[in-house]
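Welcome! Here is a short, friendly tour for anyone meeting this structure for the first time. Take a moment to look around before reading on.

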Amino acid sequence: MHCEPLGQDEIADLEIDEDLKAQRWIWCFERLGWSVLGLFLLAGLLGVFGGGRLSEAESRDEAGRVTVWFEQFARVDTPVTLKVRVMAVQQPDLLWLHLSKSYFDRTRIDRIMPEPERTVVTQDVIRFGFDPNQASEQGLILISLTPIQFGQLRGSLGLADGPAVEFHQIVYP
Amino acid sequence: MESVLHAATMYIVLLVLFRISGRRTLAEASTFDFVLLLIISEATQQAMTGSDYSMTNALLVISTLILLDVLLTFLLKRFRGLDKAVNGLPLIVVSHGRPLRERMASARVDEDDILEAARRTRGLERLEQIKFAVLERSGGISIIPFERP
(Lines give C-alpha, C1' and ligand atoms only; values in the text may rest on other atoms or scores of the structure.)
Protein backbone atom coordinates (compact mmCIF):
# COMPACT_ATOMS: atom_id res chain seq x y z
CA MET A 1 0.00 0.00 0.00
CA HIS A 2 2.04 2.86 -1.29
CA CYS A 3 1.20 6.43 -2.16
CA GLU A 4 3.42 8.49 -4.35
CA PRO A 5 3.63 11.84 -2.54
CA LEU A 6 2.94 14.84 -4.77
CA GLY A 7 4.87 18.08 -4.58
CA GLN A 8 3.08 21.15 -3.29
CA ASP A 9 3.73 22.92 -6.62
CA GLU A 10 2.11 20.08 -8.48
CA ILE A 11 -1.21 20.36 -6.64
CA ALA A 12 -1.05 24.06 -5.89
CA ASP A 13 -4.17 24.78 -7.97
CA LEU A 14 -6.20 22.09 -6.27
CA GLU A 15 -7.73 22.77 -2.89
CA ILE A 16 -7.98 19.24 -1.54
CA ASP A 17 -7.84 17.69 1.89
CA GLU A 18 -5.48 14.83 1.10
CA ASP A 19 -4.04 13.00 4.09
CA LEU A 20 -1.78 10.22 2.90
CA LYS A 21 -0.93 9.02 6.40
CA ALA A 22 -4.60 8.57 7.30
CA GLN A 23 -5.23 7.06 3.87
CA ARG A 24 -2.60 4.37 4.50
CA TRP A 25 -4.23 3.57 7.85
CA ILE A 26 -7.60 3.25 6.17
CA TRP A 27 -6.20 0.87 3.54
CA CYS A 28 -4.49 -1.18 6.28
CA PHE A 29 -7.80 -1.37 8.14
CA GLU A 30 -9.57 -2.48 4.95
CA ARG A 31 -7.02 -5.24 4.28
CA LEU A 32 -7.14 -6.37 7.89
CA GLY A 33 -10.92 -6.39 7.68
CA TRP A 34 -10.84 -8.63 4.60
CA SER A 35 -8.62 -11.10 6.48
CA VAL A 36 -10.94 -11.06 9.48
CA LEU A 37 -13.95 -11.62 7.20
CA GLY A 38 -12.14 -14.53 5.52
CA LEU A 39 -11.37 -16.13 8.88
CA PHE A 40 -14.95 -15.54 10.01
CA LEU A 41 -16.28 -17.36 6.93
CA LEU A 42 -13.78 -20.19 7.38
CA ALA A 43 -14.85 -20.57 11.01
CA GLY A 44 -18.48 -20.63 9.84
CA LEU A 45 -17.72 -23.34 7.28
CA LEU A 46 -15.93 -25.46 9.88
CA GLY A 47 -18.89 -25.17 12.23
CA VAL A 48 -17.65 -22.77 14.91
CA PHE A 49 -21.08 -21.15 14.75
CA GLY A 50 -22.97 -24.43 14.60
CA GLY A 51 -23.90 -26.96 11.95
CA GLY A 52 -20.42 -28.18 11.02
CA ARG A 53 -17.59 -30.53 11.81
CA LEU A 54 -16.27 -28.64 14.84
CA SER A 55 -19.74 -28.37 16.31
CA GLU A 56 -20.52 -32.06 16.51
CA ALA A 57 -19.99 -33.50 19.97
CA GLU A 58 -20.78 -36.61 21.94
CA SER A 59 -21.11 -37.19 25.64
CA ARG A 60 -21.66 -40.49 27.40
CA ASP A 61 -21.62 -41.86 30.91
CA GLU A 62 -18.87 -44.21 32.12
CA ALA A 63 -20.99 -47.33 31.78
CA GLY A 64 -22.09 -46.31 28.31
CA ARG A 65 -25.78 -46.57 29.16
CA VAL A 66 -26.65 -43.05 28.05
CA THR A 67 -25.09 -41.34 25.05
CA VAL A 68 -25.98 -37.87 23.81
CA TRP A 69 -24.95 -36.43 20.46
CA PHE A 70 -25.36 -32.68 20.32
CA GLU A 71 -24.22 -29.46 18.68
CA GLN A 72 -21.56 -27.69 20.76
CA PHE A 73 -22.39 -24.40 19.09
CA ALA A 74 -25.93 -23.24 18.57
CA ARG A 75 -27.73 -19.99 17.79
CA VAL A 76 -30.71 -18.31 19.36
CA ASP A 77 -33.98 -19.12 17.58
CA THR A 78 -32.31 -21.77 15.43
CA PRO A 79 -33.45 -25.37 16.04
CA VAL A 80 -30.95 -28.04 17.09
CA THR A 81 -31.40 -31.72 17.83
CA LEU A 82 -30.23 -33.78 20.78
CA LYS A 83 -29.81 -37.38 19.76
CA VAL A 84 -30.01 -39.72 22.75
CA ARG A 85 -29.29 -43.42 22.90
CA VAL A 86 -30.28 -45.29 26.03
CA MET A 87 -29.17 -48.80 26.91
CA ALA A 88 -31.69 -49.59 29.59
CA VAL A 89 -32.37 -52.87 31.29
CA GLN A 90 -35.67 -54.43 30.33
CA GLN A 91 -38.47 -53.10 32.48
CA PRO A 92 -42.21 -53.50 32.33
CA ASP A 93 -42.89 -49.91 33.27
CA LEU A 94 -42.03 -46.74 31.40
CA LEU A 95 -38.44 -45.79 30.65
CA TRP A 96 -37.89 -42.48 32.42
CA LEU A 97 -35.46 -39.93 31.02
CA HIS A 98 -34.55 -36.84 33.07
CA LEU A 99 -33.63 -33.51 31.52
CA SER A 100 -32.37 -30.74 33.83
CA LYS A 101 -34.87 -27.93 34.29
CA SER A 102 -32.17 -25.23 34.02
CA TYR A 103 -31.54 -26.42 30.45
CA PHE A 104 -35.21 -26.54 29.65
CA ASP A 105 -35.70 -22.98 30.96
CA ARG A 106 -33.35 -21.60 28.28
CA THR A 107 -34.68 -23.66 25.40
CA ARG A 108 -38.00 -24.41 23.78
CA ILE A 109 -38.68 -28.07 23.07
CA ASP A 110 -40.26 -28.34 19.63
CA ARG A 111 -40.64 -32.07 19.25
CA ILE A 112 -39.62 -35.38 20.80
CA MET A 113 -39.45 -38.59 18.80
CA PRO A 114 -40.74 -41.07 19.77
CA GLU A 115 -43.33 -39.12 21.70
CA PRO A 116 -43.18 -39.72 25.46
CA GLU A 117 -46.13 -41.48 27.02
CA ARG A 118 -45.95 -39.19 30.03
CA THR A 119 -44.22 -35.93 30.95
CA VAL A 120 -43.71 -34.79 34.54
CA VAL A 121 -42.31 -31.38 35.47
CA THR A 122 -40.71 -31.01 38.89
CA GLN A 123 -38.66 -28.26 40.53
CA ASP A 124 -35.30 -29.45 39.14
CA VAL A 125 -35.97 -31.82 36.28
CA ILE A 126 -38.39 -32.70 33.53
CA ARG A 127 -39.13 -36.39 33.31
CA PHE A 128 -40.15 -38.00 30.05
CA GLY A 129 -41.65 -41.46 30.28
CA PHE A 130 -41.16 -43.54 27.12
CA ASP A 131 -42.64 -46.83 26.11
CA PRO A 132 -39.64 -49.20 26.68
CA ASN A 133 -40.42 -51.04 23.44
CA GLN A 134 -40.04 -47.87 21.41
CA ALA A 135 -36.97 -46.50 23.20
CA SER A 136 -35.25 -49.86 23.10
CA GLU A 137 -31.61 -50.80 23.15
CA GLN A 138 -31.10 -49.96 19.53
CA GLY A 139 -33.58 -47.11 19.46
CA LEU A 140 -32.78 -43.45 19.50
CA ILE A 141 -34.66 -40.59 21.10
CA LEU A 142 -34.55 -37.34 19.16
CA ILE A 143 -35.24 -34.11 21.02
CA SER A 144 -35.66 -31.18 18.70
CA LEU A 145 -35.33 -27.87 20.53
CA THR A 146 -34.63 -24.18 20.00
CA PRO A 147 -32.38 -22.14 22.29
CA ILE A 148 -34.12 -18.94 23.38
CA GLN A 149 -31.26 -17.28 25.26
CA PHE A 150 -27.65 -16.76 24.29
CA GLY A 151 -24.68 -17.70 26.46
CA GLN A 152 -23.44 -20.97 27.88
CA LEU A 153 -26.03 -23.68 28.13
CA ARG A 154 -25.43 -26.56 30.53
CA GLY A 155 -27.63 -29.60 30.36
CA SER A 156 -27.91 -32.91 32.13
CA LEU A 157 -29.74 -35.89 30.73
CA GLY A 158 -30.04 -39.28 32.34
CA LEU A 159 -32.06 -42.25 33.46
CA ALA A 160 -34.25 -42.17 36.54
CA ASP A 161 -32.32 -44.90 38.33
CA GLY A 162 -28.99 -44.50 36.65
CA PRO A 163 -26.28 -42.27 35.39
CA ALA A 164 -26.68 -38.79 33.94
CA VAL A 165 -24.72 -37.23 31.12
CA GLU A 166 -23.59 -33.61 31.28
CA PHE A 167 -23.27 -31.58 28.10
CA HIS A 168 -22.36 -27.97 27.38
CA GLN A 169 -23.39 -25.79 24.49
CA ILE A 170 -22.49 -22.25 23.52
CA VAL A 171 -25.42 -20.32 22.14
CA TYR A 172 -24.63 -17.35 19.90
CA PRO A 173 -27.02 -14.37 19.66
CA MET B 1 -34.97 -3.96 25.11
CA GLU B 2 -33.57 -6.73 22.89
CA SER B 3 -34.78 -4.97 19.73
CA VAL B 4 -32.88 -1.80 20.62
CA LEU B 5 -29.68 -3.73 21.31
CA HIS B 6 -30.04 -5.81 18.15
CA ALA B 7 -30.65 -2.73 16.00
CA ALA B 8 -27.70 -0.84 17.56
CA THR B 9 -25.39 -3.83 17.08
CA MET B 10 -26.45 -4.29 13.46
CA TYR B 11 -25.96 -0.56 12.78
CA ILE B 12 -22.37 -0.66 14.06
CA VAL B 13 -21.58 -3.98 12.35
CA LEU B 14 -22.91 -2.71 9.01
CA LEU B 15 -20.97 0.53 9.38
CA VAL B 16 -17.73 -1.43 9.86
CA LEU B 17 -18.53 -3.97 7.13
CA PHE B 18 -19.31 -1.34 4.51
CA ARG B 19 -16.14 0.53 5.53
CA ILE B 20 -14.13 -2.66 5.04
CA SER B 21 -15.69 -3.30 1.64
CA GLY B 22 -14.21 -0.02 0.44
CA ARG B 23 -15.80 2.98 -1.19
CA ARG B 24 -15.49 1.67 -4.72
CA THR B 25 -18.04 -1.05 -3.99
CA LEU B 26 -21.15 1.06 -3.75
CA ALA B 27 -20.26 4.17 -5.73
CA GLU B 28 -20.42 2.44 -9.09
CA ALA B 29 -23.34 0.20 -8.21
CA SER B 30 -24.28 -2.33 -10.87
CA THR B 31 -27.55 -4.21 -11.13
CA PHE B 32 -25.99 -7.07 -9.21
CA ASP B 33 -24.90 -4.67 -6.46
CA PHE B 34 -28.52 -3.61 -6.02
CA VAL B 35 -29.59 -7.24 -5.77
CA LEU B 36 -26.83 -7.76 -3.21
CA LEU B 37 -28.08 -4.77 -1.22
CA LEU B 38 -31.60 -6.21 -1.18
CA ILE B 39 -30.29 -9.54 0.12
CA ILE B 40 -28.23 -7.78 2.80
CA SER B 41 -31.23 -5.73 3.90
CA GLU B 42 -33.39 -8.84 4.11
CA ALA B 43 -30.81 -10.70 6.24
CA THR B 44 -30.37 -7.63 8.45
CA GLN B 45 -34.07 -7.16 8.93
CA GLN B 46 -34.52 -10.70 10.20
CA ALA B 47 -31.63 -10.34 12.66
CA MET B 48 -33.09 -7.10 14.02
CA THR B 49 -36.74 -8.02 14.35
CA GLY B 50 -36.49 -11.78 14.87
CA SER B 51 -39.92 -13.30 15.09
CA ASP B 52 -41.46 -10.18 16.61
CA TYR B 53 -43.50 -8.56 13.85
CA SER B 54 -45.35 -6.12 16.09
CA MET B 55 -45.65 -2.45 15.24
CA THR B 56 -44.07 -1.50 18.59
CA ASN B 57 -40.99 -3.51 17.73
CA ALA B 58 -40.77 -1.95 14.27
CA LEU B 59 -41.03 1.53 15.80
CA LEU B 60 -38.34 0.69 18.36
CA VAL B 61 -35.96 -0.57 15.67
CA ILE B 62 -36.55 2.39 13.36
CA SER B 63 -36.18 4.90 16.20
CA THR B 64 -32.91 3.29 17.29
CA LEU B 65 -31.48 3.41 13.77
CA ILE B 66 -32.50 7.03 13.17
CA LEU B 67 -31.20 8.18 16.55
CA LEU B 68 -27.88 6.41 15.99
CA ASP B 69 -27.59 8.02 12.57
CA VAL B 70 -28.20 11.48 14.04
CA LEU B 71 -25.64 10.76 16.75
CA LEU B 72 -23.09 9.57 14.20
CA THR B 73 -23.59 12.70 12.06
CA PHE B 74 -23.05 14.85 15.13
CA LEU B 75 -19.87 12.94 16.06
CA LEU B 76 -18.52 13.14 12.50
CA LYS B 77 -18.93 16.93 12.51
CA ARG B 78 -17.31 17.18 15.93
CA PHE B 79 -14.36 14.83 15.41
CA ARG B 80 -12.48 15.24 12.15
CA GLY B 81 -10.48 12.03 12.65
CA LEU B 82 -13.63 9.97 12.99
CA ASP B 83 -15.02 11.61 9.87
CA LYS B 84 -11.90 10.57 7.94
CA ALA B 85 -12.13 7.01 9.28
CA VAL B 86 -15.83 6.61 8.49
CA ASN B 87 -16.19 8.56 5.26
CA GLY B 88 -12.66 8.23 3.93
CA LEU B 89 -10.55 10.87 2.20
CA PRO B 90 -10.26 12.23 -1.32
CA LEU B 91 -7.28 10.88 -3.22
CA ILE B 92 -5.59 12.23 -6.35
CA VAL B 93 -5.11 9.36 -8.79
CA VAL B 94 -4.02 11.31 -11.90
CA SER B 95 -1.85 14.39 -11.75
CA HIS B 96 -1.09 16.42 -14.91
CA GLY B 97 -1.91 13.53 -17.19
CA ARG B 98 0.28 11.14 -15.20
CA PRO B 99 -1.51 8.17 -13.64
CA LEU B 100 -0.34 7.52 -10.09
CA ARG B 101 -0.14 3.75 -10.33
CA GLU B 102 0.59 2.88 -6.70
CA ARG B 103 -2.30 4.97 -5.46
CA MET B 104 -4.59 3.50 -8.09
CA ALA B 105 -3.61 -0.06 -7.17
CA SER B 106 -4.15 0.55 -3.45
CA ALA B 107 -7.51 2.20 -4.08
CA ARG B 108 -8.54 -0.51 -6.57
CA VAL B 109 -9.03 1.97 -9.39
CA ASP B 110 -7.68 1.31 -12.88
CA GLU B 111 -7.08 3.47 -15.93
CA ASP B 112 -10.30 2.31 -17.55
CA ASP B 113 -12.33 3.63 -14.60
CA ILE B 114 -10.67 7.01 -14.91
CA LEU B 115 -11.07 7.20 -18.70
CA GLU B 116 -14.73 6.19 -18.37
CA ALA B 117 -15.33 9.00 -15.86
CA ALA B 118 -13.43 11.42 -18.13
CA ARG B 119 -15.53 10.49 -21.15
CA ARG B 120 -18.81 10.52 -19.26
CA THR B 121 -18.41 13.74 -17.31
CA ARG B 122 -16.06 15.83 -19.46
CA GLY B 123 -16.09 14.33 -22.93
CA LEU B 124 -12.32 13.79 -22.80
CA GLU B 125 -10.55 11.30 -25.02
CA ARG B 126 -7.12 10.69 -23.50
CA LEU B 127 -5.41 10.57 -20.12
CA GLU B 128 -3.09 13.43 -21.13
CA GLN B 129 -6.08 15.76 -21.27
CA ILE B 130 -6.72 15.22 -17.54
CA LYS B 131 -5.11 17.66 -15.14
CA PHE B 132 -6.38 15.94 -12.03
CA ALA B 133 -8.52 12.87 -11.39
CA VAL B 134 -9.68 12.60 -7.80
CA LEU B 135 -11.21 9.56 -6.17
CA GLU B 136 -13.81 11.23 -3.98
CA ARG B 137 -15.02 10.19 -0.54
CA SER B 138 -18.26 8.99 -2.08
CA GLY B 139 -16.32 6.62 -4.35
CA GLY B 140 -16.94 8.54 -7.58
CA ILE B 141 -14.12 9.91 -9.73
CA SER B 142 -13.98 13.67 -10.39
CA ILE B 143 -12.16 14.82 -13.51
CA ILE B 144 -10.51 18.21 -13.82
CA PRO B 145 -9.28 18.81 -17.38
CA PHE B 146 -6.47 21.09 -18.47
CA GLU B 147 -7.82 24.53 -19.28
CA ARG B 148 -8.08 25.02 -23.00
CA PRO B 149 -6.24 28.04 -24.40
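In what order do the elements of chain B run from the N terminus on? The answer is α-α-α-α-α-β-β-α-α-β-β. Please keep in mind as you read that this is a predicted model. The points below begin with chain B, move to its contact with chain A, and end inside chain A.

**Chain B as a whole**

- Chain B holds seven helices and four strands, and five helices come at the start of the order, ahead of a pair of strands.
- The radius of gyration of chain B is 20 Å, whereas a compact globule of 149 residues would have one near 15 Å.
- Measures along the principal axes fit into this picture: the C-alpha trace of chain B spans about 65 × 35 × 25 Å.

**Where chain A meets chain B**

- On the chain A side, 25 residues take part in the contact, and chain B brings 29 residues to it.
- Between them, chain A and chain B bury about 2400 Å², with 57% of this area on carbon and sulfur atoms.
- Five salt bridges are counted between chain A and chain B.
- One salt bridge pairs B:Arg80 with A:Asp17, whose closest N and O atoms are 2.2 Å apart.
- There are also six residue pairs in polar contact between the two chains, with both residues at pLDDT 80 or more.
- Sorted by class, the side of chain A that touches chain B has 14 nonpolar residues, eight charged and three polar.

**Strands in chain A**

- Strand E10 (residues 151-159) of chain A pairs with strand E11 (residues 164-172) of chain A in the antiparallel sense, over eight bridges.
- Four residues make up the hairpin that joins E10(A) to E11(A).
- One place to look along this pair is A:Ser156, whose bridge partner in E11(A) is A:Glu166.
- E10(A) is also joined to strand E5 (residues 95-100) of chain A; these two run antiparallel and share three bridges.
- Here A:Leu97 stands opposite A:Leu159 in E10(A).

**Salt bridges, and one inside a helix**

- Over all chains, the structure holds 15 salt bridges.
- Within chain A, the side chains of A:Lys101 and A:Asp105 form a salt bridge, at 3.5 Å from N to O.
- What separates these two residues along the chain? A:Lys101 and A:Asp105 are four residues apart, about one turn of the helix, and both lie in helix H2 (residues 101-105) of chain A.

Methods. Residues are numbered from 1 along each chain as its sequence is written. Chains are lettered from A and ligands numbered from 1 in the order in which they are written. This is a predicted model: local features need pLDDT of at least 70, side-chain atom pairs count only at pLDDT 80 or more; totals for chains, interfaces and linings use all residues. Side-chain values use heavy atoms; hydrogens and water are left out. Contact means heavy atoms within 4.5 Å. Buried area is the accessible area (1.4 Å probe) that two parts lose on being put together, summed over both. A salt bridge is a side-chain nitrogen of Lys or Arg within 4 Å of a carboxyl oxygen of Asp or Glu. A polar contact is a pair of N or O atoms within 3.5 Å; within protein, one must be able to donate a hydrogen and the other to accept it, and residues adjacent in sequence count only if both atoms are side-chain atoms. Ala, Val, Leu, Ile, Met, Phe, Trp, Tyr, Cys and Pro count as nonpolar, Asp, Glu, Lys and Arg as charged, and the others, Gly among them, as polar. Two strands pair if DSSP finds at least two bridges between them. The radius of gyration is taken over C-alpha atoms; the globule rule is 2.2 Å times the number of residues to the power 0.38.
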